[in-house]
Amino acid sequence: MANRFSDTLFQLIHSLEKSEKRHFKLYIKRSSAKEDLKIVQLFDALDKLSDYDEKNLLKKLPGIEKPQLSNLKTHLYKQILASLRLLKSADSIDLQLNETFDYAHILYKKGLFQQSLRLLDRAKETAKANQKYNFLVQVVALEKRIETLHITHSMQMRAEQLSAESTAVINRIDMVARLSNLALLVYSWYIQNGHARNEKDEVRIRQYMREQLPANAWEQTGFYERLYLYQSYNWYAFIRQDFLMYYRYSQKWLDLFEEQPLMIRVETGHYIKALHNLLNAHFDLRNHQRFEAVLRKFEAFSQTDRVRENDNFRIQTFVYITTAKINQVFMLGNFTQGLLMVPEMEQKLAEYDLFIDRHRILVLNYKIASLYFGAGDFGTCIDYLQRIINDPLDLRNDLQCYARVLHLMAHYELKNFDLMESLTKSVYRFMAKRERLTRVEEEMFRFLRTSFQTSRAGMRAEFEKFLEKIRHFERNRYEARAFAYLDLVSWVESKVYQRPMSEIIAEKYRSSKRKMEAA
């Protein structure tokens, strides 16, 4: 798909909604000269192309030579952005604040200092109400410039106020920057490596948190300071597979928005991510009822105008709600019913191909493959796993490893025993090289190697021994990673009790539900 979206202007045009395209046409006719009609022709030609092909594009543009094309594309790109800014300004606090600041700067340049200061005061109040402290830096800087260079009859009372305000804003921004850096770097650690594999990883991530966490971080009361602090500990707990701690900080993250509902609109992306992480935490802890409650809340929010009218939020909610629904299938064991969701998922993935990053695609492919495995369609499971296995190895080493393990299990189910011995060795080497082997996986590879020599009649007894061994690891935090990616226990139980894996999981869900209702 890389060639399809290789041109930035092509990407931008194909990201536009119908209403945005219509607005651009109106904007360009109203604000541009007749010679700009050429960029409308270029816009229409690019809009109709399914793949970017410059030779084909020039054929559709009679009168435009190749040397002209580059300048026309640059001009069109700027005009589309100007049109979008005009259209989206009412929906964005950031755009509104920047627009007000631009007007204040124009008034300053015209020498209308008092008018400029009044606009800056208005912008400052809006920024404070919406916690936009980064924006305050440039506002205070312009106020100081006006007061320093020009007599405004307010210098005596304003000097100390502006000086104190500037210092407070800089200190606050510094704290927010340090905490947001920490949250970003811990999250990046997870994207690259996945969960902590052993005590060595645990020590490394603990030491990193101690070194990077500001000394007075827990004394902060501001929204953004607490947001990034909770996010840092959220990812820290997730990496360490401390799922109870992960739940607590996911809930704290969401509670921030419950305390300050205005911030749901200001930081909608962070609110959506909070819902996503809380759902993941309930899934990891198998809190079925709370999971369902949060999912209903998330689905209701996804239907609000705030989400439906914004490309980023609409796509973000699609990815996270889809992930949650698949996780719900894993909890309930209704895999066949879950497969009914796949065609719509594929349709949406194709529609949003321009916007969804590789990491999310990897995760969704793995989860869809797991759906097919649970439903007993091992051939299709392998097809989805091949998408991960054939992907570059620069993201999610853990997912790359478990895709290969699930791939191995699918071939086992298909009785492709002629492949199994070499495939088992290959997967073992792949995981050992990346230091990804847990004791659970060691036991699994040992079982697979011995199963080649075991008679069919003796396999059930071997599965019983294997089940007894891996059950001892379920409560071991460093072994939990294997059970989070593969419901290995349920799979082995299905072999021991000679029942479909879906029935085993469904029975566990019903048993858990009865216990919760009785409690």
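The following dialogue examines the fold, the cysteines, the aromatic rings and one loop residue of a predicted model.

Mentor: In this predicted model, local features need pLDDT of at least 70 and side-chain atom pairs count only at pLDDT 80 or more, while totals for chains, interfaces and linings use all residues. Residues are numbered from 1 along each chain as its sequence is written, and side-chain values use heavy atoms, with hydrogens and water left out.

Trainee: How many helices and how many strands are there in the protein chain?

Mentor: Helices (H or I, at least four residues) and strands (E, at least two) are DSSP runs, numbered from the N terminus. The C-alpha atoms of the chain fill a box of roughly 95 × 65 × 45 Å along the principal axes. Within the protein chain, the count is 28 helices and 0 strands.

Trainee: What percentage of the 519 residues is buried?

Mentor: A residue is buried under 20% relative accessible area, exposed over 50%, and partly exposed in between (1.4 Å probe, protein chains only). Among the 519 residues of the protein chain, the buried share is 50%.

Trainee: What share of the contacts with a separation of 6 or more comes from residues 24 or more positions apart?

Mentor: A contact requires heavy atoms within 4.5 Å. Of the contacts in the protein chain with a separation of 6 or more, residues 24 or more positions apart account for 66%.

Trainee: Why is Cys401 in no disulfide with Cys381?

Mentor: A disulfide is a pair of cysteine sulfur atoms within 2.5 Å, and a search of the whole structure finds 0 of them. Cys381 is buried because its relative accessibility is 0%, and Cys401 is buried because its relative accessibility is also 0%. The sulfur of Cys401 is too far for a bond because its closest cysteine sulfur, in Cys381, lies at 16 Å.

Trainee: Which parts of the chain does the pair of Phe223 and Phe257 tie together?

Mentor: Rings of Phe, Tyr and Trp (its six-membered ring) pair if their centres lie within 6.5 Å; planes under 30 degrees apart count as stacked, over 60 as edge-to-face and the rest as tilted. The whole structure holds 31 aromatic pairs; one of them, Phe223 with Phe257, is edge-to-face, at 5.3 Å centre to centre and 80° between the planes. Because the two residues lie in different helices, the pair ties together parts 34 residues apart in sequence: helix 11 (residues 223-240) and helix 12 (residues 243-259).

Trainee: Are Phe223 and Phe257 buried or exposed?

Mentor: Phe223 has 1% relative accessibility and counts as buried. Phe257, at 0% relative accessibility, likewise counts as buried.

Trainee: Which helices hold Tyr372 and Tyr384?

Mentor: Tyr372 and Tyr384 form a stacked pair, with 5.6 Å centre to centre and 15° between the planes. Tyr372 is buried at 13% relative accessibility, and Tyr384 is buried at 7%. The two residues are 12 apart, and their pair links helix 20 (residues 358-375) and helix 21 (residues 378-389).

Trainee: Which residues do ring pairs link into a cluster?

Mentor: Some ring pairs join into a group with several members. The cluster consists of Tyr187, Tyr190, Trp235, Phe238, Phe243 and Tyr246.

Trainee: Which residues is Leu61 in contact with, leaving aside its neighbours within four places in sequence?

Mentor: Leu61 sits in the loop between helix 4 (54-59) and helix 5 (66-88). Its relative accessible area of 2% makes Leu61 buried. Apart from neighbours within four places in sequence, Leu61 is in contact with Gln41, Leu42, Ala45 and Leu69.
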